[in-house]
Structure formats: structure tokens, C-alpha cells
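Here is a short briefing on how two helices pack against each other and on the fold around them. Have a look at the structure first, then read on.

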Amino acid sequence: MKHVTAINVVTVLKMSKSKLPIIVFITGASAVGKTSCSIKFAKALKTQIVSCDSRQFYKEMSIGTAVPSDDDQQSIKHHFIQHISIKQTYNPGDYAKDALDTIKQLHRTNKIIILVGGPSLYADALLFGLHKFPKISSETKNKIQKLYNEKGLAFLQNELAVKDSKYYSIVDKQNPRRLIRALEIIEESEKPYSYYIERDKPLRPFRQIVVKLELTRADLYSKIESRIDQMMNDGFLREVESLYPYRKLPTLNTIGYNELFDFIDKKLTLDKAISEIKKNTRRFAKRQINYLKRYDESVCLKPPFKIDQVLNHILKN
């Protein structure tokens, strides 16, 4: 196959065998360069960007979530950036419904749409659909939450390992919300959580092409540390101070905000809080890299991130 360049994008689209419109999902670990790469791709394809980064959904959070700059958002139209408040409840199902409606409209004029964000349930809900779970009663929710409050994370891990070893083998064991959700389903339905996630999902009216951006571990960690230093220089602490009255909201229970709340509460020095943010972000990036292994049919890009490889992949498939 001849080399494809961004100049003959129209030819590539015409040659594409699939009549379905396309979602190009640009993903990777935190700080790998997803924003700049997605903008470069969107400009070359003359299209728009849909975000699936759940931390960037909230109006009140900006510096700590690495929201695209005003210049970036003016150069390319972005969707689902700071469109709701931290006080609102917004889950993967809500996002998938809203994003599908938006993408349906965008696909009327653009055969290819760029989706960007880290690997997550929000991305999976949009691209592959959600499983149908039973409704959880308030009694069950309160019961599992009380167990967590009284007995801690280790108890949830042990419970899930016993009741659903299959899901336990793949779940993020450090994420209490995932463990609680699985145990709620098990308690309510008396069936393993894995029973539901192995059932068929709804079909999507588009093709998905997953583009994984990759850096060496050393380069990725260096970028993570540089980003966090820049966030602090840009006023991240002031942002967190402004959100302190809402620190108990689930949306603010996230890396960066938690550690700086601890600094404000005098549980940590500022230097220690920054060090903890860097450490926890590195750990989060490692979990993201492991999650990315689920996308077995994908295009892996290493620097410099070039659109040519993605266009070739569209042609080949």
C-alpha cells in the first residue's frame, strides 16, 4: 500500500470500505499528549472533537483537570468540556446518551469524529454500550456503603474476591466505587457482576478505531511531573481553595484535589502534598496502561504522533 499523507484525507475516506461513519478514539495514559494530538488530527481531518474525560466535564474544575486552553478550544470545536456542575450527578450512562446524540448530529457533515480521553467506563459506554444492570435499592446501597465505612477497602476486596473472582481479577482493586458497585449488583441480584458484563452489548451506528499514544515509562513520568509543577505555577492551589466548601462531593474525590484538601486541613505540608499528587498520578497512569490492554484491535503510536498511520489503518480495515 502506498504511503498516505494528511493531504489526501478525502481520498482515504472515499476508499474506506465501511459505509458507517467513524469514531477515532485517541487515548493513552495521563499526560501522554492526547490533547495536542487530537487537535492535530482534527485539523487534518477538518472535523470536531468529543471529550470523554470525565474530570473535564465540570465547570468549576479547570487547572487540576488539564482542560484544553481557550486557544485550543477556539481552534477546534470541542464537545463535553466543562458542560455541567460538580453538584450534578452524571454517570457513564448519562454521558453515553448525550454523546451519542451529539455524534449523530456531527456525523451528518463529518464522516470521522475524534473522541479523546483516557481509557474509562465513559469511553467504553459510548463506544461499546453499557450492560443492563438491575436497579439497586436504597437499602442495598446503604448496606454496602456502611460496610465500606466501617471495614474499609480491604473488606470490599475480600468480599468481591469470594463472590466474583472473575471480575475481581480485572477490576481496579484500589477504586472503592468500582468495588461498591459490583457488590451492590451481587447483593441485589444474587448473581455475579461478571454475569452482566459478559452479556451482549448494544450495537453502535459507527466504526471505532482506537489510537493508543505511548511513551516510554521514563518519558511519561517526566511529563507527569512537569505537568503537575506547571499546574501549581498556574494557580492550582487557588482553584482547590475555592472548591474547599464542596470537598465532600464525589466529583472532587480525585487526584490532585484530595491531596491539596489535605494540605488545607494541615494534614500534609505543601511539598508533601505535591509529592503525593505526583506519586498518585504515576500510579493512576500505570492502571490506565493496564486498562488499555483491553483494546486489542488498535493503532499504537509513539512520538512523533503522525496521522498517516491512522489513515493507513482505516484503508487496511
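In this predicted model, helix H11 offers Arg217, Leu220, Tyr221, Ile224, Glu225, Ile228, Asp229 and Met232 to helix H14, where they meet Leu270, Ile274, Ile277, Lys278, Thr281, Arg282, Ala285, Lys286 and Ile289. Contact means heavy atoms within 4.5 Å. The residues of this contact divide into 10 nonpolar, one polar and six charged (Ala, Val, Leu, Ile, Met, Phe, Trp, Tyr, Cys and Pro count as nonpolar, Asp, Glu, Lys and Arg as charged, and the others, Gly among them, as polar).

**How the two helices cross**
- H11 covers residues 217–233 and H14 covers residues 270–292; they pack at an angle of about 140 degrees, with their axes 10 Å apart.
- That angle makes H11 oblique to H14 (under 35 degrees is roughly parallel, over 145 roughly antiparallel, 65 to 115 roughly perpendicular, and the rest oblique).

**The whole chain**
- The protein chain has 15 helices and six strands (DSSP runs: H or I of at least four residues for helices, E of at least two for strands).
- Buried residues, those under 20% relative accessible area with a 1.4 Å probe, make up 46% of the 317 residues.
- The C-alpha trace spans about 60 × 50 × 35 Å along its principal axes.

**Reading the numbers**
- Residues are numbered from 1 along each chain as its sequence is written, and side-chain values use heavy atoms, leaving out hydrogens and water.
- Local features need pLDDT of at least 70, and side-chain atom pairs count only at pLDDT 80 or more, while totals for chains, interfaces and linings use all residues.

Technical notes
Axes are lines fitted to C-alpha atoms, for helices over the stretch in contact, and angles run from 0 to 180 degrees between N-to-C directions. Buried means under 20% relative accessible area, exposed over 50%, partly exposed in between (1.4 Å probe, protein chains only).
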